[in-house]
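These are my notebook entries on a few places that I looked up in one structure. I set down each place under its own heading.

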Amino acid sequence: MALEPDSFKRAKIQIILTIITFSVIKAILVTLVAFEYQQYRQFFRALVIVVLLSGLAKVILYRPSSAPVISHILLIAGLIVIWSNLLIYVQYINIFTVQLIFMTTLVSYYLIGGRRAACYTVFAIFPVLYYFITKHLGIGHIAISPQELVPTGGDPVIALNFLTFVAIHYLYYRAFHQNLREKEILNEQLQKNITEVKALAESRSVFLSTMSHELRTPLNGVIGMVHLLKDTALEEQKDKLDILDFSANNLLSVINDVLDYNKSELDKIELEALPVNLPVLLRQIHSGLKIKASEKGLNLVLDIDTGLENARVITDPTRITQIIYNLAGNAIKFTDEGAVKITLKLISNKNDKIHIRFSISDTGIGIAAERHETIFDPFTQASSDTTRKFGGTGLGLAIVKRLIKLFGSTIQLESRLGEGSEFSFSIEFPVCGEEVHIENDSTTETADLKGLKLLIVEDNRINVLLLEKLLSKWQIETAVAGNGQEALDKLLTATFDGILMDIHMPVMDGYTAATAIRALTDPLKANIPIIAITASVSNQLYAKIRKVGMQDYINKPFQPDQLSKKLSQVFKMVH
């Protein structure tokens with residue numbers, strides 16, 4: 001009863017009180033009639049019922065929690081009346097007995113329910129079967145003369161039984177409809193709460209995206225200017241610029257972690273399906289991490305199964321890179337001596353599917369057994385001392401766990417405190433039949449950019465200055481527009497080889513400007529290459545820029561070689 005809705009609890013108490021009230025009235029009536037007609041067996045039975053029910057009424061009124069016990073007492077009393085009618089008082093099945101059988105069955109399901117109600121129903125109906133079997137076989141009953149109540153008392157009792165039926169049904173179904181209404185109200189409240197939570201989550205997402213944009217834009221200027229200054233800086237100044245560059249990139253890494261975690265929490269990360277040469281991709285990741293490892297005097301080992309040489313798969317290279325970078329980067333951070341090992345092992349290769357196990361092991365500080373589960377929680381590290389000594393947001397492993405889940409896998413951890421750690425997971429990739437070419441990031445072709453004339457569409461003066469200085473290094477001529485409308489006007493009056501377009505600008509944003517440019521009647525101007533340069537972190541960014549006709553995009557803040565490579569790719573594609 002503790003798990004039942006309040007409306008049903010109230011209804012059960014009301015049903016009990018209704019049964020007691022009507023039964024006491026009937027018993028008093030029977031007492032008076034039986035005494036008058038000297039039917040003393042009926043008189044004493046009715047008197048016992050009055051006393052019993054009066055006591056039960058007092059208990060239920062003072063202790064409503066006793067309702068389940070009182071329900072059983074009432075049902076047992078009903079069964080006794082049914083059986084005593086059949087064996088002693090009436091000795092056949094009359095209408096009053098039938099009413100009691102139906103009422104016992106009905107009340108047992110309303111008040112108790114389940115198997116116990118079924119048992120009470122069987123005991124209530126069995127007298128009927130017993131009567132017909134004994135009558136058919138000619139077996140006699142107890143040798144006591146029957147004493148059926150005279151019609152003067154019997155008829156009102158039968159009428160009161162029908163009223164009891166009506167009252168019980170009304171109380172139960174009223175409670176049923178109240179319960180339905182309560183559920184509707186709860187569902188409405190739940191939907192309202194869900195809407196509010198979604199709105200709150202969306203607001204948080206918008207806030208983080210906006211803050212990201214506001215933080216990335218000045219960071220773009222800082223990181224870009226540092227690279228420009230390094231070209232002309234004195235030797236003693238380069239160390240200071242390296243520190244500034246490291247700090248800016250560290251801040252960018254924290255921003256990226258917070259945003260990635262937010263997107264994974266809202267299920268807004270969608271995996272791309274691109275052809276990837278997996279060994280080449282892993283060697284590039286290894287090459288990028290090797291410098292970081294060598295700075296600490298660590299040996300970074302890449303061990304790729306011989307069965308995976310030239311393995312070409314369909315996957316999301318960005319997310320694979322992010323997973324390995326996070327795990328291997330952590331391993332390097334928490335290892336002071338020894339080695340960090342990245343291992344790829346072939347599990348199976350059949351039916352156009354290749355199953356690969358990835359593992360990243362180290363000889364670092366290790367993780368205590370009791371922390372193996374919590375280490376994957378957001379903002380959590382192996383210990384508070386770890387946070388103080390090594391820093392970090394504690395989001396890396398939480399992001400990795402969610403990304404690996406997107407690949408349909410789970411991350412495993414084997415570690416002992418002071419003995420190092422091994423993180424592993426396995427992914428089944430679709431095999432790619434075509435040849436995959438991955439360009440080496442360490443080489444950047446800029447020769448073919450010489451002599452280009454680009455239109456920079458950007459409302460932030462620092463970013464404009466950065467782009468002008470950067471592009472002038474590569475002997476690229478530039479013009480500037482402060483918003484999409486200015487860009488459109490300049491394009492109509494001058495000729496450009498391409499456009500570098502910011503997305504969020506006053507007057508006319510980048511999407512609207514690109515759409516307007518693609519609608520121009522001059523095919524040369526309408527098909528001009530457009531590259532978006534944006535601090536936006538929308539998971540639908542690529543789809544949006546392709547929809548409005550832009551060729552590609554690059555995120556702020558960017559490294560100079562990233563921009564150079566992107567320009568080379570786009571102009572190679574369009575020429």
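**Entry: Asp 352**

I began with Asp 352 in this predicted model. Is Asp 352 buried or exposed? Its relative accessible area is 61%, and because exposed means over 50%, I recorded Asp 352 as exposed. I then located Asp 352 in the loop between strand S4 (339-350) and S5. Its phi is positive, about 60°, although Asp 352 is not a glycine.

**Entry: Gln 91**

I turned next to Gln 91, which also has a positive phi, here of about 70°, without being a glycine. Where is the place of Gln 91? I found Gln 91 in the loop between helix H3 (67-89) and H4. Its relative accessible area is 16%, and since buried means under 20%, Gln 91 is entered as buried.

**Entry: helices H4 and H5**

From that loop I went on to helix H4 (residues 95-111) and helix H5 (residues 114-137). Their axes come within 8 Å and cross at roughly 175°. Angles over 145 degrees count as roughly antiparallel, so I noted H4 as roughly antiparallel to H5.

Which residues meet where these helices touch? On the side of H4 I listed Ile 101, Thr 104, Thr 105, Ser 108 and Tyr 109. On the side of H5 they meet Gly 114, Ala 117, Ala 118, Tyr 120, Thr 121, Ala 124, Ile 125 and Val 128. I sorted the residues of this contact by kind and obtained eight nonpolar, five polar and no charged.

**Entry: aromatic pairs**

How many aromatic pairs does the count give? The count comes to eleven aromatic pairs, and I examined some of them.

Phe 35 and Phe 43 form a tilted pair, with 5.5 Å from centre to centre and 50° between the planes. I compared the accessibility of its two members. Phe 35 is exposed, with a relative accessible area of 51%, whereas Phe 43 is buried at 14%.

The rings of Phe 358 and Phe 429 have centres 6.2 Å apart. Why is this pair edge-to-face? Their planes stand at 75°, and planes over 60 degrees apart count as edge-to-face, so I gave the pair that label. The pair links distant parts of the chain, since Phe 358 is in strand S5 (residues 353-362) and Phe 429 is in strand S7, 71 residues apart. Phe 358 is buried, with a relative accessible area of 0%, and Phe 429 is buried as well, with 2%.

I also entered one aromatic cluster, formed by Phe 8, Tyr 110, Tyr 172, Tyr 173 and Phe 176.

**Entry: Ser 421**

My last entry remains with strand S7 (residues 421-430), where Ser 421 lies. Its relative accessibility is 6%, and for that reason Ser 421 counts as buried.

What is in contact with Ser 421, apart from neighbours within four places in sequence? I listed Ile 360, Ser 361, Asp 362, Gly 366, Ile 367, Leu 413, Glu 414 and Ser 415. Ser 415 appears a second time in my notes, as its side chain makes a polar contact with the side chain of Ser 421 at 2.8 Å. I finally checked Val 340, which is 81 residues from Ser 421 along the chain. The C-alpha atoms of Val 340 and Ser 421 are separated by 9.7 Å.

Definitions and conventions
Residues numbered from 1 in each chain as written. Predicted model: local features only at pLDDT ≥ 70, side-chain atom pairs only at ≥ 80, totals over all residues. Heavy atoms only, no water. Helix = DSSP H or I, 4+ residues; strand = E, 2+ residues; numbered from the N terminus. Buried < 20%, exposed > 50% of the residue type's maximum accessible area, 1.4 Å probe, protein only. Contact = heavy atoms within 4.5 Å. Polar contact = N/O pair within 3.5 Å; in protein donor to acceptor, adjacent residues only side chain to side chain. Axes fitted to C-alpha atoms, helices over the stretch in contact; angles between N-to-C directions. Parallel < 35°, antiparallel > 145°, perpendicular 65-115°, else oblique. Nonpolar A, V, L, I, M, F, W, Y, C, P; charged D, E, K, R; others polar. Phe/Tyr/Trp six-rings, centres within 6.5 Å; stacked < 30°, edge-to-face > 60°.
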